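Please open the structure in your viewer and keep the sequence panel beside it, since the tour moves from one selection to the next.

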Amino acid sequence: MPIKNTFSIHTLGCKLNFSESSDIARQLTASGFTQNDSPAYIIINSCAVTATAEKKGRNLCAKLHREHPDAQIIIIGCYAALRANDIAQWPGVVATFGNEDKMNVVRFIRGEELPDAPTFFSSHSTHDRTRSFLKIQDGCDYHCSYCTVWKARGVSRSDSIAHVLDEIHEIMDEGAKEINITGVNIGDFGRKNGSSFTELVNAIEHENFPVRFRISSIEPNLLTDEIIQIVADSSCFMPHFHIPLQSGCNKILEKMLRRYRRELFAEKVRKIKEKIPEACIALDVIAGFPGETGEDFNDTYQFINSLPISYLHVFTYSKRPGTPAAEMKEQVSPPEKKRRTLALIDLSQKKKQAFYQQHLGETRPTLWEAESKEGLMFGFTDNYLKVKRLYDPSLVNTITPFTITDENIVID
Ligand code: SF4
């Protein structure tokens, strides 16, 4: 039998989901609930970014229901936003909340009346006591032709600058040394309240916070020269960018309804490297988008190969029902998608090796994490090189200068 006033929370998908789950757990704990292995309530914060992510959500729900037949299961997040009616039929599920009203799960469990959903709710999570993910923006008004995220998370909306600064103080009080600024489309921050992401970055920079900041994935057309300059001059913003490219072929970018062409992307990368030569630059790319010919793929491969980037996040295109891309003719065959994915993963490894090699012998500020494995501990330099050293508990959550050698780099 489940124990009264207990819950468990399970998270799939992106950093945003993890930071929201963390906030939900914090709020429930503050209301007298405890996390337990025989929970009365099970929350699944779901993801719908790919068909595989949806399947994981279905399987997880079935497994948890088998293990805890008396628990009340509540599905929240993207999958719940897209398929609330289907999910409501799953055994054990008593409620669903999409993204706009996801925080109402706390009121639901507390047995309170459900108010109208707030337009934006902030949240943050802490990984390993050292790094925190702070959500500053949600939703997206771009309608890329392959994406369901904008449908699942609703329209673009964001926090205020003043509240973001308050949240940063709260995270610092909790002890984290690094804050990762996240959102669905963070570059769109503030557009509807008369401010901008550039203003937010400026405001954070002016506060001289004694912690490190990283800017998570930002659309290339929204990465302004001013932001690059602030990061270049800053001692708190780390030299690390994550920019989704998705394709290096303009014909495919057009079909994807992306709002830039590859020339703009190359220009942003050039500017970053000119101002911050040591910067780590990661990009996202999709292999096998409908209509991508062998020649288009080669274009993408050669384009990425020509850029001084540090590594890639490679996604294999998968049809998302209800998206224009799913209806496009000329879908690429699964074996060909796989071949292209593997070629890009291989390119990513080469880029990563080259990036790490460039920094051998340098001494860089490194934040050490709590995890220990086989007597070793791991850390990240300012420019996101992963390194290892012998475990020393006194170094956990501290930033120390560390010299990078062939023996202590970690290339996952
Ligand atoms: S920018 Fe495009 S890919 Fe990213 S969330 Fe918005 S619609 Fe989706």
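A residue counts as exposed if 12 or fewer other C-beta atoms lie within 10 Å of its own, as buried if 20 or more do, and as partly exposed in between. With that in mind, and remembering that the model is predicted, select Glu 330, which has 10 other C-beta atoms within 10 Å and is therefore exposed. Glu 330 sits in the loop between helix 13 (324–327) and helix 14 (334–358), and its phi is positive, about 60°, although it is not a glycine.

Go next to Asn 397, in the loop that joins strand 17 (386–390) to strand 18 (399–403). Asn 397 is not a glycine either, yet has a positive phi of about 65°; with 16 C-beta neighbours inside 10 Å, it counts as partly exposed.

Now select helix 2 (residues 51–67), where you will find His 65. At 1.5 Å a residue, the 17 residues of helix 2 should span 24 Å, and the end C-alpha atoms are 24 Å apart, which agrees. Which residues of helix 2 are buried? They are Glu 54, Gly 57 and Cys 61, and, seen down the axis of helix 2, they fall within an arc of 55°, so they line one face of the helix. An α-helix has 3.6 residues a turn, so residues three or four places apart point the same way. If you turn to the other side of helix 2, the exposed residues there are Ala 51, Thr 52, Lys 55, Asn 59, Lys 63, Arg 66 and Glu 67. His 65 itself is partly exposed, because 17 other C-beta atoms lie within 10 Å; a distance drawn from its C-alpha atom to that of Lys 268, 203 residues away along the chain, gives 48 Å.

Helix 7 (residues 161–174) can be inspected in a similar way: its 14 residues should span 20 Å at 1.5 Å a residue, and its end C-alpha atoms are 20 Å apart, which agrees. The residues Val 164, Ile 168 and Ile 171 of helix 7 are buried, and they cover an arc of only 65° around the axis, which puts them on the same side of helix 7. The face turned away from that buried side carries Ala 162, His 169, Glu 170 and Asp 173, which are exposed. Just past the helix, Gly 175 follows, with a positive phi near 105°.

For the next stop, centre the view on the ligand, and display the residues around it: Cys 140, Tyr 142, His 143, Cys 144, Cys 147, Val 149, Trp 150, Val 184, Asn 185 and Glu 219. Sorted by class, this shell holds seven nonpolar, two polar and one charged residues.

From there, select Leu 223, in the loop between strand 11 (212–215) and helix 9 (225–233). Is Leu 223 buried or exposed? With 25 C-beta neighbours inside 10 Å, Leu 223 counts as buried. Its C-alpha atom is 9.8 Å from that of Ile 186, although the two residues are 37 apart in sequence.

Finish with the largest nonpolar core, which has 93 residues, and in which Ile 43, Ile 74, Ile 75, Val 105 and Ile 281 have the most contacts. Strand 13 (residues 280–287) gives the most to this core, contributing seven residues. Because domain 1 (3–110) and domain 2 (123–358) both give residues to the core, it lies between them.

How values were computed
Residues numbered from 1 in each chain as written. Predicted model: local features only at pLDDT ≥ 70, side-chain atom pairs only at ≥ 80, totals over all residues. Helix = DSSP H or I, 4+ residues; strand = E, 2+ residues; numbered from the N terminus. Expected span 1.5 Å × (residues − 1). Arc of directions from axis to C-beta. Near = placed C-beta within 6 Å. Nonpolar A, V, L, I, M, F, W, Y, C, P; charged D, E, K, R; others polar. Core = buried A, V, L, I, M, F, W, Y, C linked by C-beta atoms within 7 Å. Domains from an automatic or database assignment.
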